[in-house]
Amino acid sequence: MAAELHVELVAADRSVWSGEATLVIARTTSGDIGVMPGHQPLLGVLESGPVTIRTSEGATVVAAVHGGFISFADDKLSLLAEICELADEIDAQRAERALERAKSDSDAAAERRADVRLRAVAVR
Amino acid sequence: MGAQLRVYKRRIKSVTATKKITKAMEMIAASRVVKAQRKVQASTPYATELTRAVTAVATGANDKHPLTTEAENPVRAAVLLLSSDRGLAGAFNSNAIKAAEKLTAKLEGEGREVTVYVVGRRGIAHYNFRERKLAGTWTGFTDQPSYGDAKTIAAPLIEAIEKDTAEGGVDELHIVYTEFVSMMTQTAVEARLLPLSLDEVAKEAGDKDTLRPLYDFEPSAEDVLDALLPRYVESRIYNALLQSAASKHAATRRAMKSATDNAGDLINNLSRLANAARQAEITQEISEIVGGTAALADATAGSDK
């Protein structure tokens, strides 16, 4: 069996997901980054966007992360985000409505949030 | 019914009603304490991970960040006081306010100008009554604070500390909140939030492995630190808000419990007095009847002669 890394996905007020994975793809401020077991220790700033986790069972977990950090050392990876939702938890229709509302109100922050959610759903 | 007895009965009724209310408040507070504690626990993973990350960067970067460098001679300090919106919590608010006042006096004694920020209506009322200026106030979420609330509080504070002292910025940030020790004990504590002492953060992270891995920073150590430190401050404020909320509910529960107990005692005393009054009334009625019949008997016996 391939080596695994332990992933902790935590939001400010709860622990969102934790488990073993073989690959984690996240978007840092300087571009997408993929982390596999044995990667060198890393600490990066995340952009808002979807994070893809390939679990050791072969399933794929997608989460929408709104800013935050990625840190990796000793095959332990933690993703910290102030707000973070699994794609399964996101209500796509609601996000779409929110996006339209945000566009008409020209609320940049809300628009970005809704956009990130929709992107996460699309990846799934 | 005698006048005395009626007065007692009325008081018993009103105290019973009060007791019902305090009992209900006690139970509500008890359930909220549990909820608040759960929230504190839920926020712990994030705080621990963040602390670990800060320690990692701190060892990797040569720190010259406004949030970590100590001013050589600090002239201005900010104090953030966490009180609650509602009272009926025993000495909860007055303890927190007292701790803030003590800290303010101490800082002023060291020759610093103190600006005060307050969360919670009780604290604000205290300062407004004394007509003292507040640099910032927040209300409406002390019972169930969210992370967003912590962010709104942190934003102006971080801005103030990043500003130059000459332009009205502050050099230090202290926080006064009530620490939730246990259901029975909550203590008002003060802590210096900024500038951040990285050694203390490292201690908090529980440094077992002194040999930390050499991190690769993305995009750079400085940028990571720039992004990380405000989040760390926010998370500390969030934790303080949650602890303060849990403490407030615990204090309310205790205050309402003693109120309920006192009401019970009062009802007991009053019912004893009411019983005594009723018995006195009966005794009097009996002696009146006995006296009346005796007088009647005497009168009829006299007329027979």
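Trainee: In which sense do strand β4 (residues 42-46) of chain A and β6(B) pair?

Mentor: Strands pair if DSSP finds at least two bridges between them. Here β4(A) and β6(B) run parallel, with 3 bridges. Strands are DSSP E runs of at least two residues, helices are H or I runs of at least four, and both are numbered from the N terminus. This is a predicted model: local features need pLDDT of at least 70 and side-chain atom pairs pLDDT 80 or more, while totals for chains, interfaces and linings use all residues. Residues are numbered from 1 along each chain as its sequence is written, and chains are lettered from A and ligands numbered from 1 in the order written.

Trainee: Which residue of β6(B) stands opposite Leu42(A)?

Mentor: Asp216(B) does. Further along, Gly44(A) stands opposite Glu218(B). Gly44(A) also has Ile70(A) of β7(A) opposite. That second partner belongs to another pairing: β4(A) and β7(A) (residues 68-73) are antiparallel over 5 bridges.

Trainee: How many residues of β4(A) are buried?

Mentor: Count C-beta atoms, placed from the backbone, within 10 Å of the residue's own: 20 or more others is buried, 12 or fewer is exposed, and in between is partly exposed. In β4(A), 4 of 5 residues are buried, so call the strand mostly covered.

Trainee: How many residues does each chain put into the contact?

Mentor: Contact is a distance test: C-beta atoms, placed from the backbone, within 7 Å. Chain A and chain B each supply 24 residues. On the side of chain B, α1 (3-60), β6 (216-218) and α6 (221-304) each bring at least two residues. The most come from α1(B), with 10. That side has 17 nonpolar, 2 polar and 5 charged residues. Nonpolar covers Ala, Val, Leu, Ile, Met, Phe, Trp, Tyr, Cys and Pro; charged covers Asp, Glu, Lys and Arg; the others, Gly among them, are polar.

Trainee: Which residues touch the most other members of the largest nonpolar core?

Mentor: A nonpolar core joins buried Ala, Val, Leu, Ile, Met, Phe, Trp, Tyr and Cys residues through C-beta atoms within 7 Å. The largest has 98 residues, and Ala63(A), Leu80(B), Leu81(B) and Val176(B) touch the most other members. α6(B) gives the most to this core, 17 residues. The core lies between domain 1 (3-85) and domain 2 (90-121) of chain A, because both give residues to it. Take Leu80(B): beyond its neighbours within four places in sequence, its contacts are Tyr117(B), Leu157(B), Leu173(B), Ile175(B) and Val176(B).

Trainee: How far apart do the C-alpha centres of domain 1 and domain 2 of chain A lie?

Mentor: The bounds come from an automatic or database domain assignment. The two centres lie 23 Å apart. Their contact takes 8 residues from domain 1 and 7 from domain 2. On the domain 1 side, β5 (49-55) and β6 (60-66) of chain A give two or more residues each. β6(A) gives the most, 4.

Trainee: What radius of gyration does chain B have?

Mentor: The radius is taken over C-alpha atoms, and the globule rule is 2.2 Å times the number of residues to the power 0.38. Chain B has 31 Å, while a compact globule of 305 residues would be near 19 Å. Its C-alpha atoms fill a box of roughly 125 × 40 × 25 Å along the principal axes. Buried residues make up 33% of chain B.

Trainee: How many helices and strands does chain B have?

Mentor: It has 6 helices and 6 strands. From the N terminus, read α-β-α-β-α-β-α-β-β-α-β-α.

Definitions and conventions: Two residues are in contact if their C-beta atoms, placed from the backbone, lie within 7 Å.
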